[in-house]
Amino acid sequence: MNPPSCSDDEFCANECNNNIAISMHEKGGGGGGGGVLPKRIIVVRHGESQGNLDPGAYTTTPDHRIPLTSQGISQARLTGSQIRHLISSSASSPDWRVYFYVSPYARTRSTLREIARSFSKKRVIGVREECRIREQDFGNFQVQERMNAIKETRLRFGRFFYRFPEGESAADVFDRVSSFLESMWRDIDQNRLNHNPSNDLNLIIVSHGLASRVFLMRWFRWTVEQFELLHNFGNCEFRVMQLGSGGEYSLAVHHTDEELLEWGLSPDMVADQKWRANGSRGTSNDQSPRCLEAFFDLIPDSDEESEYTEDKTNSSSEFTEDKTNSSSECSEQ
C-alpha cells in the first residue's frame, strides 16, 4: 500500500491505509457540520465520442468540443437507466436523491444530459460543472502522426509520469483531482448540496477515462505501480463506490471479484476492496507490514535491540580507543 501523499493536512493519516472519507468524517463530515456521507459515489466515463471513433477528429476540432456519436448518446441513455435501477432497487430510503459533478467538455455534458433523462427533477438536487475533472491535456493534436509517436513513447516510459509536450501527465491530473476531492468533501461536510439527511445521497461524477482512474487511485491511495495495472473505462462504463456496513467505501459492495480483476486490480487490491466492504471505520486493514516492506525491504523481522546496542557500543568503544591512541601519537610527534 502507498503511504499518503499529503497535499493538505486534512488528508494526512497516521496509517497508510486510511482513506479520505475517514479523514474528513473524523474532522466533522457527517457530524457537526451537518453533512451526511453519500451512500454511493458513482464514477462514469462519457459515451463514445467522435474522437473515439476517428482520432483524426482532433486535427480539426478542439478536444473540449469533440461531440458524442449517435452510439455515444444511446450508451449514455442506457447507462442512465442502469444507474437509476441500481439506486432505486437498493435504496434504504424511498426518497433518495442524486447530485451530479460533470467535466465541462462537450462529450461529458452531453453524456450527463442523456443520463439525466432517467431521473425526475424531484430526484436531482443539483449539478455542478467541475473543471478539475476534465480530460488530461494531451497538448496539440493537429499532427496525428506526431501524436501517435508520442503515445507510443508514453507506453514505454509509463503512463503516470510521462508528460505530453505542451500538455499534462497523469501525475498533473492527480494533483487537480486531489483538489477536487477537497472541495467535494467540503460540499458534503457543510451541506452545500442542500441534502435532506433522511434521504440516501448518490453522487454521480461524469468524467473521462484517465481522470476517473486517477480519482479511484487518489481515493483508495493506490500506488503508481497499481495505477499502471488499471485498464481504462469503456465508454459509459461506471464504477460504484458504495458505503459498506462498517463505514468504508468499497468497489466490492456492488461489483464482483471477476469484474475487479478484469479492470486490472491485483488480487491484493481486490482483497482490500472486500475488506473495505465490511471493515470498520478507523480500524487497520493490517496493511502496515506490506507497506513497510515496499519501502524498507532490508529492515529485520525482529527487534534484536540488545545485540544491536552491544555491537554499537563495542564499535563506538573501539572507535574511541583508536581515536585516543592516534591523538596521543600525534602529540608525541
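Here are some friendly notes on strand β4, its neighbours in the sheet and the helices beside it, all from a predicted model.

1. **The sheet as a whole.** A good place to start is the strand order. Six strands make up an open sheet, arranged β3-β2-β4-β1-β5-β6, with mixed pairing. At the edges are β3 (124–129) and β6 (249–250), each of which pairs on one side only.

2. **The partners of β4.** On one side, strand β1 (residues 40–45) pairs with β4 in the parallel sense over six bridges. Strand β2 (residues 97–102) also pairs with β4 in the parallel sense, again over six bridges. If you would like to check the register by eye, I41 stands opposite L203 in β4. From β2, F100 has I204 as its bridge partner, and Y101 stands opposite I205.

3. **How covered is β4?** Seven of the seven residues of β4 are buried. In a regular strand, side chains alternate between the two faces of the sheet. Here both faces are covered: L201, L203, I205 and S207 lie on one side, N202, I204 and V206 on the other, and all are buried. Do look at S207 and N202 as you turn the model, since they belong to these two buried sets.

4. **A closer look at L201.** This residue is found in β4, which spans residues 201–207. Is L201 buried or exposed? L201 has a relative accessible area of 3%; the cut-off for buried is under 20%, so L201 counts as buried. Leaving aside residues up to four places away in sequence, L201 touches V36, P38, K39, R40, R97, Y99, I125, L193 and H195. One of these contacts, Y99, is 102 residues away along the chain, yet the C-alpha atoms of L201 and Y99 are separated by 7.6 Å.

5. **Helix α6 over the sheet.** Helix α6 lies across β1, β2, β3, β4 and β6, and runs at about 155° to β4.

6. **Where α6 meets α7.** Helix α6 (residues 170–189) packs against helix α7 (residues 209–220) at an angle of about 65°, with the axes 9 Å apart. The crossing of these two helices is right-handed. On the α6 side the contact is made by A170, V173, F174, V177, S178, F180, L181, M184 and W185, and on the α7 side by L210, A211, V214, F215, M217, R218 and W219. By residue type, this contact divides into 14 nonpolar, one polar and one charged.

Methods
Residues are numbered from 1 along each chain as its sequence is written. This is a predicted model: local features need pLDDT of at least 70, side-chain atom pairs count only at pLDDT 80 or more; totals for chains, interfaces and linings use all residues. Side-chain values use heavy atoms; hydrogens and water are left out. Helices (H or I, at least four residues) and strands (E, at least two) are DSSP runs, numbered from the N terminus. Buried means under 20% relative accessible area, exposed over 50%, partly exposed in between (1.4 Å probe, protein chains only). Contact means heavy atoms within 4.5 Å. Axes are lines fitted to C-alpha atoms, for helices over the stretch in contact, and angles run from 0 to 180 degrees between N-to-C directions. A crossing is left-handed if the near helix is turned anticlockwise from the far one by less than a right angle, and right-handed if clockwise. Ala, Val, Leu, Ile, Met, Phe, Trp, Tyr, Cys and Pro count as nonpolar, Asp, Glu, Lys and Arg as charged, and the others, Gly among them, as polar. Two strands pair if DSSP finds at least two bridges between them.
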